[in-house]
Amino acid sequence: MSDTTPSAPSQIAALDAEALSLESVSLWRITWKRLFRRKSSLVGMGIILLLVFIAIMAPWLAPYDPLQVLIGIEDVKMRQAPCIHLLGCPPDQPQHLMGIDGNVRDQFSRLLYGTRLSLMVGFSTVTFAIVIGTVLGALGGYFGGWLDNAIMRVMDVLLAFPSLLLAIAIVTVLGPGLINALLAIGIVSIPAYARVVRASVLSIREMDYVSASRALGGSTAHILFGRILPNALTPLIVQGTLGIATAILDAAALSFLGLGAQPPTPEWGSMLGAERNQVFTAPHLVFFPGFAIMLTVLAFNLLGDGLRDALDPRLAHVSK
Amino acid sequence: MKRSLYALLSLFVLAGLVLAACGGGAATPAPAEPTQAPEQPTEPTPVPDIPIATFDGKSLVVPKEECNGDYAGLFQAIEAVDDYTVKFTLCRPDPAFLSKIAFSPFAIYPSEWLERTAADGKRTSEGLEKPVGTGPYKISEWKRGESVTFKAFENYWGQKPFAETLVIRWQSEAAGRLLELQAGTVDGIDNVGPSDFEVVKKDPNLVLVERPALNIFYIGMTNTFKPWDDVRVRKAIAYGIDRQRIVKNFYPAGSEVATHFTPCSIPNGCVGDPWYDFNPEEGRKLLAEAGFPNGFKTKLYYRDVVRGYLPQVANVAQDVQAQLKENLNIEAEIVVMESGAFIEASTTGKLDGLYFLGWGADYPHITNFLDFHFGASNPQFGNPFPEIYEQLVKGAQIADPKQAEPFYVAANNAIRELVPMVPVAHGGSGTAYRADVTNPQASPLTNEQFAVSDPGGRDVFIFMQNAEPISLFCADETDGESLRACDQVMEALYGYEVNGTAVVPVLAESCEPNADLTVWTCTLRKGVKFHDGTDFTSADVVATFNMGLNIAAPTHAGNTGVWEYYDYLWGLMKKPGK
């Protein structure tokens, strides 16, 4: 047993940490409670969990290699309709749940692998945009003055362009390809996050506990990243969740236009674009990728809406 | 003050973004420079070409000695002997003279109209949009972005059109065209989508007309880039691609695997040994001999444009990519280029990988296929092959296909041995019409004559093609959509039979050659009137060729100013500036 008595400042720090931890736990608990009370956000979460599961398990779930051309391997025809044994497709025919695409590949396997790509696009571009946007917004909001003006005017310039048009312009400059498309979508997403963070920082930096930290001699970095930013996360989470949906849509649009994922990569937008002319002759090739995009975007939008309501204290009475 | 500074800063950032978008890079990777290309000095100031022709209203003449000098053109003189006789004197024999002269860009305009619609080196908007010809229809109205309307020409010398009004509309998507036809809003459509062939066949209200495959789709390689400078690598590609699989899966009925570069329906097109059979083992062996036992990485360039010779370009590209990997362990990255940039880069030999290109017949003669691609001056496949072009020069001077055959056998065999490209397919395509349309056409040369089709007794015949014409001054246009519209209005001395390739007299009653095929004398049809009411005479023929060939003529004013077909098929009357 130690007989050392803790010093007064360390005791205060420990208490401070405990109080913060308690506050944080209770905040998240309240958020979860509110979130779980909303059926729509539960549906969104459920779909996202399913999509994540599919993305991780794609190699085991997919019956075929998504790049495998089945000419000479199976007796299937280009753009063949789905063949599901349970629904009466003859057992001697190979089963293809979503049919065969224009290059005689299994559409179902490509769709499953496409989930990986879409989620990767959503998460990576939003992470990229959040990191850059948060740093820029926090610096601008905290320091103000010429730095704030310079950063926000650049953001205004970026916001002046329609986001998809700017993404197309960036990919046109960089050249088509998935990585460049990710970069483009990430860049056009930055201003939204920078503005959200700046607005939060502007209001939080004037609060008493921040002034107290400053009075106690806390460094700028400590105050900004240890005191202000953790309390500015709420709107960022909401914006980020909704931003994933937008990023997935933008990536699909770029791939549809041939500027994103390049063949033979299985990507929903490019799958849709490649078969757009077959909408009457092979509607399954357009329907399934389109439905997958819609479902994913819907799921993130539902979750984003739910999070917004759950994290907004002003809506607490509504979500009871 | 501060606010102004920040506004200025914003403007700079905006300008920077715009500049970066405009000039910071290319949409597609810039093709690499050839391995053997010499260092390019600073580009010299271009010296203008020197005109060499004289025109006096009745004759267009190049000094005879120029035929043996720097003048590369074919015509030495075009003279109006009398009102209804024109004499064409050539620098050298041309057995394809009639086939060429029947081609749409060489249609005859009235001489006064040519003068009236040329101003300051440009054709006026009237000249570009309302050409005056002798055809069964005359232009009524061109609603830009929507349709071109034609009205029957009351004084037409031949059979009157069945429909009083002809409308040409356009739609780039095959599915959209078919939908319009099924809805009955159009009477006929061009280029039925390959997967829609069965749909049209099964529909009792529609009729499908398959277009004979008078084209070639090939995979090109440029021998000034590594590894394509090694014939063993080029041959490996020839062995390693299953062309039958491509045609079977991605081409409509009526298409065929290419045994030779030129379609077999053209005389001497298919003489000589047929192309290599699919043999991936032999391909891998050749690659190993060339130092690539484990394959290599390359690029596969194409433009995402549907053509009769390549109806499903993206699908074929992905299949070739898969085949190269599977059969030869070659990893090909697909690069889709903008159409104009792709044509420029491929035809000037600037693509360092494999590329997809094709050719549709302008006129049904073997010179239209072989001479253009494998001639001594074409850099498309890199350094030209004398083994090929020397045979072509000899063959092109003989009118009788039988006599010319040995030269084309040698040329085709040399192409097979040297593999500048891999011929893949002669692509069939098709048109579709409402079932009550009589004489439904799908011309092998894509020059359907709608005047001879009756749209079920209706007054208006509506045809939907892929795209809007660029202009209707077709002497200076090359795209099929413009030429088809012009074909309804304009006529040349000869034409092609409806739905066929045989040449038939149109504005000429006949054109007879002398013994060595260097002089062609054409007797013109009498009583023919232009849409503006003027009479057609030999002076109009000379004036039209003066407009197209004589670079010094005030009427030498077009739309693009390139005069591609006049230059490529006849040669403009000029010599290069020193």
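In this predicted model, B:T85 is buried, because its relative accessible area is 15%, and buried means under 20%. The residue belongs to strand β5 of chain B, which covers residues 85-90. Burial extends along this strand: five of the six residues of β5(B) are buried.

What does B:T85 touch, leaving aside its neighbours within four places in sequence? Its contacts are B:E79, B:A80, B:T521, B:C522, B:L524 and B:S538. Several of these names can be placed by looking at the strands that pair with β5(B).

One partner is strand β4 of chain B, made up of residues 75-82. β4(B) and β5(B) run antiparallel and are joined by six bridges. The two strands form a hairpin, with two residues between them. Within this pairing, B:D82 stands opposite B:T85. The contacts B:E79 and B:A80 have numbers that fall in the range 75-82 of β4(B).

Another partner is strand β24 of chain B, residues 519-524. Here five bridges make the connection to β5(B), and the strands again run antiparallel. B:V86 has B:C522 as its bridge partner in β24(B). B:C522 also appears among the contacts of B:T85. B:T521 and B:L524, which are contacts of B:T85 as well, carry numbers within the 519-524 range of β24(B).

From the strands the description moves to the nonpolar core. In soluble globular proteins, nonpolar side chains tend to be buried together. The largest nonpolar core in this model has 155 residues. Which residues have the most contacts inside it? They are B:F75, B:F88, B:F356, B:L493 and B:F545. The number of B:F75 lies in the range of β4(B), and that of B:F88 in the range of β5(B).

B:F545 ties into both of these: leaving aside neighbours within four places in sequence, its contacts include B:F75 and B:F88. Also among them are B:L60, B:I78, B:I101, B:F106, B:I108, B:N550, B:Y566 and B:W570. A second, separate core has 70 residues, including A:A167, A:V171, A:A181 and A:I185.

Those residues lead to chain A, which has 11 helices and zero strands. Chain A has 320 residues, and buried residues make up 46% of them. Of its contacts between residues at least 6 apart in sequence, 72% join residues at least 24 apart. The accessible surface of chain A is about 15,700 Å², and carbon and sulfur atoms account for 68% of that area.

Terms used:
Residues are numbered from 1 along each chain as its sequence is written. Chains are lettered from A and ligands numbered from 1 in the order in which they are written. This is a predicted model: local features need pLDDT of at least 70, side-chain atom pairs count only at pLDDT 80 or more; totals for chains, interfaces and linings use all residues. Side-chain values use heavy atoms; hydrogens and water are left out. Helices (H or I, at least four residues) and strands (E, at least two) are DSSP runs, numbered from the N terminus. Buried means under 20% relative accessible area, exposed over 50%, partly exposed in between (1.4 Å probe, protein chains only). Contact means heavy atoms within 4.5 Å. Accessible areas come from the Shrake-Rupley method with a 1.4 Å probe; for residues, only the protein chains shown count as cover. Two strands pair if DSSP finds at least two bridges between them. A nonpolar core is a set of buried Ala, Val, Leu, Ile, Met, Phe, Trp, Tyr and Cys residues joined through side-chain atoms within 4.5 Å.
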